[in-house]
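Trainee: I am new to this structure, and I would like to learn about its charged pairs. Could you walk me through them?

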Amino acid sequence: MIPDPATSPSGTPRTQRMTVAQALMTFLANQWTVDGDIRERTIAGTFGIFGHGNVAGIGQALLQLQTEQPGLMPYHQARNEQAMVHQAVGYARMHRRRATFAAAASVGPGAANMLTGAALATANRLPVLLLPADTFATRVADPVLQQLEHPHDTGLQVTDAFRPVSRFFDRVQRPEQLFSIALAAMRVLTDPAETGAVTIALPEDVQAEAIDVPVEFLQPREWHVRRPLPEPEELARAVAAIRGAQSPFIVAGGGVLYSGAERSLRRLVEQTGIPVGATQAGVGSLVWDHPRYLGGVGATGSTASNRIAAEADVVIGIGTRYSDFTTASRSAFQNAGVRFVNINVAAFDAYKHGSQLPVVADARRTLDALADALAGYTVEAEYADRIATEKAAWDAVVETALAPTGAPLLGQAEIIGAVNAASDPTDVLVQAAGSLPGDLHKLWRVRDALGYHVEYAFSTMGYEIAGGLGVRRGAPDRDVLVMVGDGSYLMLHTELVTAVAEGLKIIVILVQNHGYASIGHLSETVGSDRFGTAYRMADASAPDTAAAPYVPIDLAANARSYGVDVIEVAPGPDAAAELDAAVRAAKASSTTTLIHVDADPLRYAPDGDGWWDVPVAAHATLESTVRARAEYELARRRQRPLLG
């Protein structure tokens, strides 16, 4: 009989004396995700900023591991707790949700700083493990520094705010609870249908308490990713609907990439001729010049996608959560009899829009099954011609938009064109907020499945640089191009210090708009005339500072002060060529480079026939608002319930 390493010769369970924090860190270091023939560490490392809430717990445990078992649980310092979560998200996406990082924060403000990151991860369906510290479970020194006090509920703390923004939340109030909580947390982290922010709140005294830990808790454990096959009945109904369609249309979402289904999608598309429009998360599902790829769909989509989508009688959604940008606020799909075949590993998303044709299954396995079942089916020649015509027309529009104009200030489309031209196919573009996501959705010509990383489920200003670092950690053999406006840069630029400290090379293209370009444009469309959107000197005599001088801030000097290499592209007729050269120089460098380029925020990318529902004041004395309300009322008439 082979001895059980978890038991003693007498048969009693073996244990190891450890603190709760030591047990948790050792446990996390031994968790593995298995996805087919791919096996990798589920928790690649831990980010941490230490304070009195976790320095003696998580901090001590990480030091002990680094000392006794170097490399078992890598530790990385950060400059902001929110940024730790963004780095984990960037890494998780590049690893198709198979791996992520843990992020440890101290009590009170440190924990609260992670809330935005938690919401971002959950909205994007991307796994991160959050370990915020909590106040004393024993309440022996009550109240402690940074503790909240609510007379109606003295147990309510900052960590309770993680409940609505997490897919899983629990608090280790006694050491013995660690085992069941840690295992439950791992189940959610590795479940494609459930994943998001996973939060384990750790009271500062409990972290440092000692407990006898069963050895089996610390042994390597595998978590196999479920890739469920479609139910035969669901598949048959979907096949029948597609075969009966005159103008089917595919909406490719992030689930295509997370399941590694891009090849399966290409096979289905080339076999059937069905065209594809991509969500922000789904860009990369097909390369930009594939004959059946029509570009982005929805509010920031192309005319090609949106015109075909408007007439589609069967919409095949694959791994999409159908945000309002994807559906153009439910105005994109205008066919009176439109039906939705929704393929998603999460039933919550598969049943959206009242679909009676949900397929709750893995995207790759479903696409393979559809390709087999649709053998012999192709779209009609007339529809195929229409697809080709719309694609050619949009490609020509994009070509014009990306070309240099020689204007004194570059338009954002020209900036995108220069960066795209200087990039390599495997480079990863990172972006998140402002006007850039919409313009990139229309204009960026993606050439690799993982080459486009725009966080748009939560559209978080400040994500870009931190997220870019996570992408670089997850794909060290790729160049990472971070495009960020000055408004978003000012939200969370301090992680440039992390890039310098760790020698993590990213290329940051800082677009200087002197304010919030996206909201400025949106403000005009709702009749608010760019109020409060420009970075200008305050004038107490005039609430609207449109005529005041710009704030004299030098963001290039700011980046230099962090130790980053900086290239400044001067305004002028040759700016596009200089930007192209700057990107190529940055790619040739081995260190982080920031490229500063001035832009004209009033020069817009081409319109793609999309709409976004942003309510306009129903009563106003400003003529601009009255006009905007009238236009809004007209646009709302295109909204449909989409019960398909």
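Mentor: Let us go through some salt bridges and the places they link. This is a predicted model, where local features need pLDDT of at least 70, side-chain atom pairs count only at pLDDT 80 or more, and totals for chains, interfaces and linings use all residues. Residues are numbered from 1 along each chain as its sequence is written, and side-chain values use heavy atoms, with hydrogens and water left out.

Trainee: Why is the pair D160 and R171 called a salt bridge?

Mentor: The term asks for a side-chain nitrogen of Lys or Arg within 4 Å of a carboxyl oxygen of Asp or Glu. The closest N and O atoms of D160 and R171 are 3.2 Å apart, so the pair qualifies. D160 sits in the loop between β7 (128-134) and β8 (168-171) and R171 in strand β8, so the bridge ties together parts eleven residues apart in sequence.

Trainee: What makes D160 buried?

Mentor: Buried means under 20% relative accessible area (exposed is over 50%, partly exposed in between, with a 1.4 Å probe and protein chains only). D160 has 13%, so the word fits. R171, with 12%, is therefore buried as well.

Trainee: How do you know that K587 and D427 form a salt bridge?

Mentor: Their N to O distance is 2.9 Å, which is within 4 Å, so they meet the definition. K587 is in helix α23 (residues 575-588), and D427 lies in the loop between α16 (412-422) and β18 (428-431), 160 residues apart. Both K587 and D427 are buried.

Trainee: Which network of salt bridges includes K587 and D427?

Mentor: They are linked with D424, R472, D479 and K505. A search of the whole structure finds 36 salt bridges.

Technical notes
Helices (H or I, at least four residues) and strands (E, at least two) are DSSP runs, numbered from the N terminus.
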